[in-house]
Amino acid sequence: MFWLKKSLDLPTAAEALPGRATTIPTAEVHYVNGHALKGPYPQGFETAVFALGCFWGAERKFWQQDGVWATAVGYVAGHTPNPTYEEVCSGKTGHTEAVLVVYDPAVVSYAELLKLFFESHDPTQGMRQGNDVGTQYRSGIYATSPEQRAEAEAAKVAYGPALKARGFPAITTEIADLGPFYFAEGYHQQYLAKNPNGYCGLGGTGVSCPIGTGVAAQ
């Protein structure tokens with residue numbers, strides 16, 4: 001399997017796999033709540049995108065959060081159009097595994113989602129998350145608005161000293177504006193709801209992110 005031999009360096013656009021013009025088939029509705037994965041979403045709801053390691057466990061963290069209307073897993077921040085899972089795992093597309101979160105800001109704030117994101121994984125590990133090694137497991141926040149990006153940057157700055165005090169290195173989470181979100185194949189969507197005993201390599205640092213405890217992410 002060619003994707004087992006992968007680099008921990010991100011490919012350039014010229015080096016990336018060519019991909020395809022057609023989208024990869026995916027599920028139509030959320031397995032847990034029946035809501036439409038690709039919308040339309042309720043008026044006034046917002047979207048956020050996070051990457052924090054294997055997207056199976058990451059997605060479950062968010063669909064369990066009050067105020068989240070739907071979640072979906074996919075691929076972001078790479079070069080290859082409409083990549084397959086195997087292509088992303090090869091490290092030759094540049095994508096990371098991500099979760100799209102559709103939420104009601106009247107119930108859960110973006111700052112609260114950032115806190116959940118940071119506390120649900122180790123954001124200091126670079127191109128890995130625990131035993132999962134590869135560029136597709138890197139930590140990332142992909143903003144859908146300038147306000148989200150500013151909050152994400154502030155949250156990263158606020159969390160850094162708390163981690164450092166516990167002996168962790170610098171946060172490696174990349175923060176960027178969201179580009180194309182390619183929905184992953186249907187069997188990946190809400191994977192741990194379909195397979196309750198399935199693999200989840202997600203693990204936090206045990207260090208509380210100070211957002212919501214007197215430190216504002218804005």
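In this predicted model, Phe-55 and Tyr-75 are both buried. Phe-55 belongs to helix 1, which spans residues 55-63, while Tyr-75 sits in strand 2, so that the pair they form connects distant parts of the chain, 20 residues apart. Helix 1 as a whole is mostly covered, with seven of its nine residues buried. These buried residues are Phe-55, Trp-56, Gly-57, Ala-58, Glu-59, Phe-62 and Trp-63, and their packing partners comprise strand 1, strand 2, helix 2 (85-89), strand 3 (96-103), helix 3 (110-119) and helix 5 (191-194).

The strands with which helix 1 packs can be placed within a sheet. Six strands make up an open sheet of mixed pairing, arranged in the order 7-6-1-3-2-8. The edges are occupied by strand 7 (174-177) and strand 8, each of which has a single partner strand, so that one side of each is left without a neighbour in the sheet. Strand 3 runs antiparallel to strand 1, to which five bridges join it, and it also runs antiparallel to strand 2, with eight bridges between them. In the first of these pairings, Glu-46 stands opposite Tyr-103 of strand 3, and in the other, Val-76 has Thr-96 of strand 3 as its bridge partner. Strand 2 is further joined by two bridges to strand 8, again in an antiparallel arrangement, where Gly-74 is partnered by Phe-183 of strand 8.

Strand 3 is largely enclosed by the rest of the structure, because eight of its eight residues are buried. The cover extends to both faces of the strand, since Thr-96, Ala-98, Leu-100 and Val-102 are buried on one side, as are Glu-97, Val-99, Val-101 and Tyr-103 on the other. Two helices lie across strands of the sheet. Helix 3 lies across strand 1, strand 2, strand 3 and strand 6 (139-143), and it runs at about 15 degrees to strand 1. Helix 4, in turn, lies across strand 1, strand 3, strand 6 and strand 7, running at about 170 degrees to strand 7.

The largest nonpolar core holds 42 residues, of which Phe-50, Phe-62, Leu-113 and Ile-141 touch the most other members. Two or more residues of this core are supplied by each of strand 1, helix 1, strand 2, helix 2, strand 3, helix 3, helix 4 (146-165) and helix 5. Helix 3 makes the largest contribution, which amounts to seven residues. Apart from this core lies another one of 10 residues, including Leu-37, Ala-72, Val-76 and Phe-183. When neighbours within four places in sequence are left aside, Leu-113 is in contact with Ala-48, Phe-50, Phe-62, Gln-65, Val-68, Val-101, Tyr-103 and Val-108.

Aromatic side chains also pair with one another, and the count of such pairs comes to 11. One of them, between Phe-45 and Trp-69, is edge-to-face, with a separation of 6.4 Å centre to centre and an angle of 80 degrees between the planes. Because Phe-45 lies in the segment before strand 1 (46-52) and Trp-69 in strand 2 (residues 68-76), this pair ties together parts that are 24 residues apart in sequence. The two members differ in their exposure, as Phe-45 is partly exposed at a relative accessible area of 25%, whereas Trp-69 counts as buried at 18% relative accessibility. The rings of Phe-55 and Tyr-75 form a pair that is tilted, because their centres are 5.8 Å apart and their planes stand at 35 degrees. Ring pairs also link Phe-50, Phe-62, Tyr-110, Phe-117, Phe-118 and Tyr-159 into a cluster.

A polar residue completes this description. Gln-190 lies in the loop between strand 8 (182-183) and helix 5, and it is buried, with a relative accessible area of 1%. Its side chain reaches the backbone oxygen of Thr-71 at 3.2 Å. Beyond residues up to four places away in sequence, Gln-190 touches Val-29, His-30, Tyr-31, Val-32, Leu-37, Glu-59, Trp-63, Thr-71 and Ala-72. Among these contacts, Glu-59 and Trp-63 are also buried residues of helix 1.

Methods: Residues are numbered from 1 along each chain as its sequence is written. This is a predicted model: local features need pLDDT of at least 70, side-chain atom pairs count only at pLDDT 80 or more; totals for chains, interfaces and linings use all residues. Side-chain values use heavy atoms; hydrogens and water are left out. Rings of Phe, Tyr and Trp (its six-membered ring) pair if their centres lie within 6.5 Å; planes under 30 degrees apart count as stacked, over 60 as edge-to-face and the rest as tilted. Helices (H or I, at least four residues) and strands (E, at least two) are DSSP runs, numbered from the N terminus. Buried means under 20% relative accessible area, exposed over 50%, partly exposed in between (1.4 Å probe, protein chains only). Contact means heavy atoms within 4.5 Å. Two strands pair if DSSP finds at least two bridges between them. A polar contact is a pair of N or O atoms within 3.5 Å; within protein, one must be able to donate a hydrogen and the other to accept it, and residues adjacent in sequence count only if both atoms are side-chain atoms. A nonpolar core is a set of buried Ala, Val, Leu, Ile, Met, Phe, Trp, Tyr and Cys residues joined through side-chain atoms within 4.5 Å. Axes are lines fitted to C-alpha atoms, for helices over the stretch in contact, and angles run from 0 to 180 degrees between N-to-C directions.
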